[in-house]
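Colleague: Could you walk me through this one? I am new to it and would like to ask as we go.

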Amino acid sequence: MTFAAQSRRQLLYSPQLVANHQAPAVHGQLSAESALKQLLSGSELIARSTGPNTFVLRARAKAPPPKQNPTKPVAASEPDGLAELNASTAIDAATPGRIVPGAAHMVDEVVITGTLIRGANAPTSPIVIFDREEIDRAGHATVADMLSALPQNFGGSGSPDTSLVSSDTRPTNDTVATGVNLRGLGTQSTLVLVNGRRMAGAGLRGDFADVSAIPTAAIQRVDVLLDGASALYGSDAVGGVVNIILRRDFEGFETRSRVGLATQGGAEEAQFAQTYGATWNSGSLLVAYEFHRRTRVTGSQRAYTATTDLRAFGGEDHRLVFGHPGNILNFDAATNSYASAYAIPTGQNGRDLKPSDFLAGQTNLLNQRADADLYPEQDRHSAYFNISQELGERVRFSADARFSRREIELRRPASIVVFNVTRANPFFVSPNGSTSHTIGYSFVDEIGPALTTGSSESLGLSAGLDLDLGRDWRGEIYVSHASETGRRQAVNLANTRFLNEALGVIPDDPATDYIAARDGYFNPFGDTGANSTAVLSFIGSGYNRTVSASTVDAIEAKADGTLLHLPGGDLKAALGVQFRRESFEPRGVSQISRATPTSVGERTYERDVAAAFLEVRVPLVGPDNPQPWAKALEASIAGRIERYDGFGETANPKIGLLWAPTSTVRLRASYGTSFRAPNLTEVNDIESISPTFLPNGPTQSLVIIQSGGNRDLEPEEATSFTAGVDYTSQALPNLTLSASWFDIKFSRQIGQPVVGDTANALSNPAYAPFVRRLNATNPTDLAFVKALIARSTNAQIGLFAPESFGAIVDSRFVNSAEVRVRGIDLLAAYHHDFGADRLDLTGSLSYLVDFKRRFTPSAGPAQLLDTPGQPVDLRGRLSGTWTRDALSVMAAANYVDNYHDRLGQEIDAWTTVDVQLRWSPNTDSGLRNGLTLALNVQNLFDADPPFYDSTAGIGYDAANADPLGRFISLQLTKRW
């Protein structure tokens, strides 16, 4: 217990095992691992690491009989009787010691993500592991912040800031959730688990996990598997797997509080958490609550986002022609855009305006992001509960529950409109005698920015039994439920129907209570104060409300243990089955273009998934049969079959190899396939079949546009190959190095290639796979067209004869794109004791060789690496920590390499520095016992993100930088 208290490690053992054992006294400044090694020297006991802060004491295995030319057999996982920790595993966390009384009680062996077998060696795929202590030492408030900082995680999608500046390529993040985007393959292609259970999906499609829902106080550790793993975990595990392991065993109380702010303004933060835990001979209980608040950051608080005129930074003027006062516009067919013909003069109310007052050739430009936010304001309440109880010697019951409610408030740019005004409007004036004009107009000064409020509720429930099946076989049966409910309401939106009524363009609508002649006409020719509150309230009463509810219910049974004994060790296996039901219910109502509200959705999409899986680990060479060329050699084989309602069955294998030619070098390689099942909205979205005319050479052709869900979608597929080496130095025993090569080919990605470029659907050869040319004399073509017309709900399509259509354009979700990602990850860790001082150094770097995308099957691959909105080739972090007694100082440098925009302009490299001053007195009595106080400064030198001349008028690339600036926080943790 003295070792556990001083080292803040958890030590598990039975009293019978340690009875009559007396450990020698140990003195000096030693690491926990070194101290434990000395304590056990000369005994029949060994310590095995089963987690970042946990050791289990066991009896030392008897030595094998002597052989010819004997060499000392040392297992790669247990050099000198002490478990060798994976180089990427955090070992700094502080956890009190606990005795496990009674030899017959069940003791956990940790299952590291990447294998289903308890107590197995590290997986053949690269893995990064960090714990709550490392989150604190890095100065982060949440696990979402820690994951966002990983070099392997691309921030261009599924984050609050990319959502608010509209740079996210998947604009479905309605509640500004935070996803994980490993390798840049998309948040929907990284599987996120909590205690090994799936989270329900967030967003308007319910297709990615919101890690901001997880309370920091409840976290034990986080495993980040940097490889495809559908052979083990099923759908979505393409870019990798994030498994968030929550705390189970804790004794006492823990209070956490934190305050922080950005020195440039905004992001004022407050966090408070309380945890209580109790353990007894046969079980444990843990309850945690956490509150977290962070205020908004507005665009006006940062110089490079305060205005969309970026000329002062060397960029262009991106202000728009939709100003206030407005502009009389002409449409330029050559550029397919509007240009200002006359500017409406400022400083007048539009009541005495004369034709000569208009400013010919001038423009009232709009800073379209005025009053808009860069980060939202958020309040989060989270709770976590876990209970574990042994039901005899062979059965243990456990259950956990987590709930989070996050409330948001944010401001988006004000409504901008283009409308026609005629002489029916009493304020109409024409500078050139016309009877009507097209006006570009912004309501930024009258209605104000669009206001969005909303909430996100995340729930996870799980209950199960752990079974001792005899020998060393263990079983697990569990049921789980997860749900995610997002609600959003956007107000202060211009209703274009009401606008036209107030302009006098359309007659008074009996569906509204508004009468323009009585309540006032809208005056589009004035400056501030030209329109009454009643007029503006009527026009600005538009709104958009959405609710999305996603659920995942699962039941799983699995078992693992030893199949047989081989010369190289125990051949172990894990096998199991799973059944889960996924559902998604989108609902919405809006009133932005009609007199009455329009409802959408109100349908529930659902499917069942059945799966069976198997993993086998075969030790070919081990401690009992070392070879001159190998200290250890192990093969792993895994496979999983999943059957889905709708598209059928998919099978994914994975093979891996671990080879330790020496006691200091470990080589590993893996190959496997992964997949992502189409999400429920991609399959079931309401179908739309409508007619339109599209350019077809010098003429226009009548075509059918088919959009919506696609029941013929097939799973996205990926092949992944990784190879790596891990090295532990003998000259520097505390030095570990790791290098991992990865190569991912992700094909049949689901998208809508034609959407956004429909006008070129008939002329661009890249869209040929999605265009069906029709022959009016072909009976098959005519029959197909008639069938589409019969299914359509469009009122106009029946006005055209089936023979008149020249093509069908498929703008539904289709399997189309392909991505190829290749690169290398480098990791290094070293620590050294200098008397009373200790130095810890860690480094992590990710270098991409290729990030190529083929947008359609007939298009060539495009290299997107080192371009705005896409991954940068080099990202890394180097940190060092010096510790003396209770005091430690950490400094870290974060680096993002330079790259170029699409015009060849360089975007500079970005280096930021983080520091932490930490005080954690090592005493077992008084108020200082269990106390940790940390002062954190992230981005110490307040380095602005590198300038990028974005066409949206944002002066930085939100995918590869953030606008937070220097952030200072103070955190206090007290264990009672």
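Colleague: Among contacts in the chain with a separation of 6 or more, what share comes from residues 24 or more positions apart?
Modeller: Residues 24 or more positions apart make up 70% of those contacts, and I should say early that this is a predicted model.

Colleague: How many helices and strands are there in the chain?
Modeller: The chain has 12 helices and 45 strands, and of its 976 residues 55% count as buried.

Colleague: What does the pLDDT average over the chain?
Modeller: The average is 88, and 89% of the residues score at least 70. Two stretches with a pLDDT below 50 are residues 49–53, which have 21 contacts in the model beyond near neighbours in sequence, and residues 60–107, for which the corresponding count is 124. Where pLDDT is low, the predicted coordinates should not be read in detail.

Colleague: Changing topic, which residues touch the most other members in the largest nonpolar core?
Modeller: That core has 30 residues, and the ones with the most contacts to other members are Phe419, Phe443, Phe522, Phe525 and Ile539. Two or more residues each are contributed by β14 (337–343), β19 (416–422), β20 (436–442), α8 (496–503) and α10 (533–539).

Colleague: And what does Phe525 touch?
Modeller: Leaving aside residues up to four places away in sequence, the residues that Phe525 touches include Ile344, Leu353, Phe358, Val421 and Ile439, as well as Gln348 and Gly350. There is also a second, separate core of 29 residues, with Leu147, Val192, Phe250 and Ala288 among them.

Colleague: How many cavities of 30 Å³ or more does the structure hold?
Modeller: It holds 13 of them, and the second largest cavity has a volume of about 1,200 Å³.

Colleague: Which residues lie nearest the centre of the second largest cavity?
Modeller: Asp145, Ser148, Ala149, Tyr375 and Asp962 lie nearest the centre, out of 50 residues that line this cavity. Elements that give two or more residues to the lining include α5 (143–148), α6 (160–164), β11 (283–294) and β17 (377–390). By type, the lining of the second largest cavity divides into 17 nonpolar, 22 polar and 11 charged residues.

Colleague: One last spot: where does Pro626 lie?
Modeller: Pro626 sits in the loop between β26 (605–621) and β27 (632–644). Pro567 is 59 residues away from Pro626 in sequence, yet their C-alpha atoms are 9.5 Å apart in space.

Colleague: Why is Pro626 called partly exposed?
Modeller: Because its relative accessible area is 27%, a value that falls between the 20% limit for buried and the 50% limit for exposed.

Methods: Residues are numbered from 1 along each chain as its sequence is written. This is a predicted model: local features need pLDDT of at least 70, side-chain atom pairs count only at pLDDT 80 or more; totals for chains, interfaces and linings use all residues. Side-chain values use heavy atoms; hydrogens and water are left out. On a 1 Å grid over the protein atoms alone, a cavity is a set of points where a 1.4 Å probe fits but cannot get out, and a pocket is an open set with protein on both sides within 12 Å along at least five of seven lines; lining residues have an atom within 4 Å of a point. Grid points are joined across faces, edges and corners, and a volume is the space filled by probe spheres set on the points. Helices (H or I, at least four residues) and strands (E, at least two) are DSSP runs, numbered from the N terminus. Ala, Val, Leu, Ile, Met, Phe, Trp, Tyr, Cys and Pro count as nonpolar, Asp, Glu, Lys and Arg as charged, and the others, Gly among them, as polar. pLDDT is the predictor's confidence in each residue, from 0 to 100. Contact means heavy atoms within 4.5 Å. A nonpolar core is a set of buried Ala, Val, Leu, Ile, Met, Phe, Trp, Tyr and Cys residues joined through side-chain atoms within 4.5 Å. Buried means under 20% relative accessible area, exposed over 50%, partly exposed in between (1.4 Å probe, protein chains only).
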